[in-house]
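Dear colleague,

I am handing over the structure below, and my notes on what was found in it follow. Please read them with the structure open beside you.

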Amino acid sequence: MNTITIPDEMELVYSKPETITDTPLHYCPGCTHGVIHRVLMEVVNEMGIAEQTVGVAPVGCSVFAYNYMNIDMQEAAHGRASAVATGIRRVLPEKYVFSYQGDGDLAAIGTAETIHSVNRGENILIVFVNNGIYGMTGGQMAPTTLLGMVTSTTPFGREQSAMGYPIKMTDLVAQLPGAYYVTRQAAYTAATVRKLKKAIEKAFQFQTRKKGTCFIEVVSNCPSGWKMTPIEANDWLEKNMLPMYPLGDLKVPKE
Amino acid sequence: MYQFQYDSTPKLMKGNEALAEAALRAGMQGYFGYPITPQSEVLEYLTEHAPKRKNVVVLQAESEVASINMIYGAAGAGARVMTSSSSPGISLMQEGISYIASAELPCLLVNVQRGGPGLGTIQPSQADYFQATKGGGHGDYHLFVLAPSSVQEMAEHVFLGFHIAEKYRMPSLVLADGALGQMLEKVLLPKDGSLPYAEKSWATTGKTKDRERNIITSLHIDPNKMEMINLQLQDKYRKLKQEIRFEEINTKDADIILVAYGLTARICQKAMDLAKEKGIQVGVVRPITLYPFPYEILSTLAEKASAFLTVEMNAGQMVEDVRLAINGKRPVFFKGRMGGIIPNPEEILLEIETIAEKQQLKNIYA
């Protein structure tokens, strides 16, 4: 009879990085904010740059990002995260600075700050989480809301004649000479999460080059705002959001 | 009280330039601003002269909204930072100023006022007194508000403003006007590097292993916590009263006290001299800090003087604080010009004479 040796302690193959706090997340079930937070902080932890990193939280669902990220953080006014990040990075030019913003924050009220921060080539990373809706305030139309999409302020669906078109901020930003690395990623499957992590790693590495702004859009979901189960939301994201916001690199620096 | 150290020889400078030079000498590490008349010389001067120094960031932002939020970020990162603008631009900054006050970030703001409301005029005004002293943005907060009345004070108040901002962890505001910004005067500049930096262990400079993370925020969802924050702010404003500054001129035997700040206070001194020739004893109280306001001295003077006249370049704003100070003990009159008009000493004299007649003072001195 074969004997099985049981180790005293099991090998630890997966754990919470030191850069994540123990605070329970306030996000809805199925929301990808938690995953994006985790991946972002994993990269900061693995690169060993937690002591040199300052983050900026927006106004929106991720307003409390600073409760979950165990690094120095600032909470910006609605839409102004990239201006706040500019202020930080300009006086701390050797630090890693990122802003974490939603689509209402970055693509509506903060459009000017976004465009000009990137156009100046601020050496910051902007993480742009796009779920096509205002989640925190209860599911109103965002600038990125798809045509025909029902929200609490477009109860009959977003109509182009009255509400215009969904704005593709990442495509806009990629046109600016100050943008160094621009990519559109997602976080709704294991594969997309792995790719997102790679993109975030690159973006932090690029910051030391001081060649311009890194901009990562993460096409995301909002099960609560979209009135769907998490699984339905991820299906809907793939079928409806991705054709409008296709994944992939929009601008990659020459190595 | 803060003691200034000065250069040995004076310079001839424009108010805006003296203010900008003083900012560099005060060890300012970051300036974020947007052009607007009549204060654009500040940004122009700094873009020219800051590169001669090490580690001074000067950035022309895309708007006043962006510049005040850059101030938030940079001040939160522990830098000594400043922005300047004129009335409409300062209106745009109010949201950011409220956040800065709530997050207790030290910084210096400068408003070289112009006539309003709206786009108004580029001529000097004092119509932003309410905005400066009573809050301006949303929520219960105050700024430490200084009112320079000369190019000399345009320079000094930069040092004083930074000093108080860092001592109390709050924004300071220099409330000047277009004339003070544009006029040339002799100025004895404060010495380069004579303002030590405050310790800022709360700043977001990167979390080291030996401390908890630093968070700069104005968000406290729990109303009990938010009330606590408010109580702390109010406590700070009470302590700030020890920084009250004012100037008294000939108040000892005065029957009529003129109360005015900034440029208007200097015009009032001329009116005071003209009144003396007419046999009317007039004194001037010039508040140098508009917040906290020097209520006490006015209240004390109300025991002796028979009337007060507040002179402002607005429709009557500081006069409300003067009336609060006098508290009905004596009549408080008001003379104001608006929309960018500077009152002249003769029209103030007319007002003084009318008051003297009403108070039957003329009979005493005739």
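How many of the 11 residues of helix α3 of chain A are buried, and is this helix enclosed by the rest of the structure or open? Before the answer, please bear in mind that this is a predicted model. In helix α3 (residues 81-91) of chain A, 10 of the 11 residues are buried, so the helix is largely enclosed by the rest of the structure. The buried residues of α3(A) are A:Ala81, A:Ser82, A:Ala83, A:Val84, A:Ala85, A:Thr86, A:Gly87, A:Ile88, A:Arg89 and A:Val91.

Turning to chain A as a whole, this chain has 10 helices and nine strands. Its radius of gyration is 19 Å, close to the 18 Å that the globule rule gives for 255 residues, so chain A is as compact as a globular protein of that length. Taken along the principal axes, the box filled by the C-alpha atoms of chain A is roughly 75 × 45 × 35 Å. Of the 255 residues of chain A, 56% count as buried, and among the contacts in this chain with a separation of 6 or more, 68% are accounted for by residues 24 or more positions apart.

As for its surface and charges, chain A exposes about 11100 Å², of which carbon and sulfur atoms supply 57%. The chain carries 22 positive and 24 negative side chains, and the centres of these two sets lie 8 Å apart.

Chain A also meets chain B, with 35 residues of chain A in contact with 33 residues of chain B. The area buried between the two chains is about 2700 Å², and carbon and sulfur atoms give 58% of that area. On the side of chain B, the residues B:Glu62, B:Lys207 and B:Arg213 supply 22% of the area that this chain buries against chain A, which is more than any other three residues supply.

One residue of chain B may serve as a last stop, namely B:Pro124, which is found in the loop between β5 (107-113) and α5 (129-133) of that chain. B:Pro124 has a relative accessible area of 6%, and because buried means under 20%, B:Pro124 counts as buried. Leaving aside residues up to four places away in sequence, B:Pro124 touches B:Gln113, B:Gly115, B:Asp177, B:Gly178, B:Ala179, B:Met313, B:Gly340, B:Ile341 and B:Ile342. B:Lys191, by contrast, lies 67 residues from B:Pro124 along the chain, and the C-alpha atoms of the two are separated by 29 Å.

With kind regards

Conventions. Residues numbered from 1 in each chain as written. Chains lettered and ligands numbered in written order. Predicted model: local features only at pLDDT ≥ 70, side-chain atom pairs only at ≥ 80, totals over all residues. Heavy atoms only, no water. Helix = DSSP H or I, 4+ residues; strand = E, 2+ residues; numbered from the N terminus. Rg over C-alpha atoms; globule rule 2.2 N^0.38 Å. Buried < 20%, exposed > 50% of the residue type's maximum accessible area, 1.4 Å probe, protein only. Contact = heavy atoms within 4.5 Å. Areas by Shrake-Rupley, 256 points an atom, 1.4 Å probe, with all protein chains shown as cover. Lys, Arg positive; Asp, Glu negative; His and termini not counted. Charge placed at Lys NZ, Arg CZ, Asp CG, Glu CD. Buried area = accessible area lost by both parts, 1.4 Å probe.
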